[in-house]
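Colleague: Please take a close look at one loop and what surrounds it. Then work outwards from there, residue by residue.

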Amino acid sequence: MSKVAFIGLGAMGSRMAFNLLKAGHDLTVWNRRPEAAESLVASGAKAAKTPREAAEGNDFVIAIVSNDEASRQVWLDPIDGALAGMKKGAIAIESSTLTPAWVLELAEATSKAGVTLLDAMVSGSTPQAQSAQLVFLVGGDSDSLESAKPLLKSMGSSIQHAGPVGCGALAKLATNTLMGVGLAALAELIGMLKRQGADPRKVLDAVSATTVWSAHLTRDAGSMLAGDFETRFPINLLTKDLGYALKAGGGEESMPTASAVHGVFQKAIAEDLGNLNMTAVVKLFDKEQ
């Protein structure tokens with residue numbers, strides 16, 4: 001089994017790290033709030049005081065944090081950053097949802113240090129992280145991906161090679177943009193159906209028999225109609241991802257649909273819905289919620 005460092009123990013990272021432990025990997029962990037590591041340490045992981053300390057001597061370093069700025073800090077801080085502690089020939093795996101521009105900048109820095117970078121973004125939320133059913137969308141070279149596959153298979157059920165470094169980030173932004181567009185449309189339609197006096201559940205059950213429907217829409221519609229907004233993927237993070245997609249795509253003129261949907265989720269944040277699950281966007285259109 002491999003020697004692995006895991007950086008970032010939020011809702012997703014903590015579950016992913018536990019699956020690495022279950023698979024028998026030698027695991028060192030770091031989190032900005034040390035208390036987040038306690039249950040992992042109790043299960044056999046080692047705790048580090050800094051990302052650099054976590055990375056030292058390990059074959060793989062995995063990070064999953066909230067945004068470009070947090071990623072830059074944990075990897076490239078000149079004193080405490082993980083890259084400063086990595087040995088030559090090690091593999092860095094960045095699983096945060098980031099801009100492709102930052103991923104390429106990070107790849108240049110890792111290359112200069114003799115380290116290979118994979119941008120292995122994840123599709124799925126906390127239930128999939130818990131059950132090791134994540135889909136990995138990976139950018140990077142094939143040889144490094146082959147080396148990392150045993151780790152990724154400990155955390156996910158599908159590994160998709162999207163192309164060279166940076167393409168994992170592009171695949172993840174494409175995935176989340178499609179998800180955001182679908183969510184906003186579904187929320188609007190539920191509002192429309194209620195205004196027409198129809199039973200939205202019955203109408204959507206009929207629509208679900210058509211080819212335009214998906215399992216994801218079934219889950220999201222159920223959440224919206226039940227008013228169950230327990231946070232799995234919050235509006236704040238989806239809005240950030242939509243903003244990153246617009247940045248990568250050239251802005252509103254190049255991506256008018258994504259821009260309009262980004263505006264919908266920004267409105268949800270303005271109405272204090274940002275910390276709720278992404279399906280809470282329905283509250284903008286269904287005033288009974």
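Modeller: Helices and strands here are DSSP runs numbered from the N terminus, a helix being H or I over at least four residues and a strand E over at least two. The model is predicted, so local features need pLDDT of at least 70 and side-chain atom pairs pLDDT 80 or more, whereas totals for chains, interfaces and linings use all residues. Residues are numbered from 1 along each chain as its sequence is written, and side-chain values use heavy atoms, without hydrogens or water.

Start with Asn58. Asn58 sits in the loop between α3 and β4. Its relative accessible area is 2%, so Asn58 is buried. Buried means under 20% relative accessible area, exposed means over 50%, and partly exposed lies in between (1.4 Å probe, protein chains only).

What does Asn58 touch, not counting residues up to four places away in sequence? Its contacts are Lys3, Val4, Ala5, Thr28, Lys87 and Ala90. Contact means heavy atoms within 4.5 Å. With Val4 there is also a polar link: a polar atom of the Asn58 side chain lies 3.4 Å from the backbone nitrogen of Val4. A polar contact is a pair of N or O atoms within 3.5 Å; within protein, one must be able to donate a hydrogen and the other to accept it, and residues adjacent in sequence count only if both atoms are side-chain atoms. Asn58 and Ser2 are 56 residues apart along the chain, yet their C-alpha atoms are separated by 8.1 Å.

Asp59 lies in the loop between α3 (51-55) and β4 (60-63). The side chain of Asp59 forms a salt bridge with that of Lys87, at 2.8 Å from N to O. This pair links distant parts of the chain: the two residues are 28 apart, and Lys87 lies in the loop between α5 (82-85) and β5 (91-94). A salt bridge is a side-chain nitrogen of Lys or Arg within 4 Å of a carboxyl oxygen of Asp or Glu. Asp59 counts as partly exposed because its relative accessible area is 27%. Lys87, at 36%, is partly exposed too. The structure holds 8 salt bridges.

Now Phe6, in strand β1 (residues 3-7). Phe6 is buried because its relative accessibility is 0%. Its C-alpha atom is 8.5 Å from that of Phe60, 54 residues away along the chain. Beyond its neighbours within four places in sequence, Phe6 contacts a list of residues that includes Leu27, Thr28, Val29, Trp30, Ile62 and Ile64. Thr28 is also among the contacts of Asn58.

Next comes the strand that follows the Lys87 loop. Which way do the side chains of β5 point? Ile91 and Ile93 point one way, Ala92 and Glu94 the other, and all are buried. In a regular strand the side chains alternate between the two faces of the sheet.

β5 pairs with β4 in the parallel sense over 4 bridges. Two strands pair if DSSP finds at least two bridges between them. Ile93 of β5 is the bridge partner of Ile62, and Ile62 is also a contact of Phe6. β5 is joined by 4 bridges to β6 (residues 116-123) as well, again running parallel. There, Ile91 stands opposite Thr116.

β5, α6 and β6 make a right-handed β-α-β unit. Right-handed means that, with the strands pointing away from the viewer, the path from the first strand over the helix to the second runs clockwise.

The helix of that unit has its own salt bridge, Glu108 to Lys112, at 3.6 Å from N to O. The two residues are 4 apart in helix α6 (residues 100-112), so about one helical turn separates them. An α-helix has 3.6 residues a turn, so residues three or four places apart point the same way. Glu108 is partly exposed, with a relative accessible area of 48%, whereas Lys112 is exposed at 68%.

Helix α8 (residues 142-155) offers another pair 3 residues apart, Glu146 and Lys149. Their salt bridge has its closest N and O atoms 2.9 Å apart. Both ends are partly exposed: Glu146 at 48%, Lys149 at 24%.
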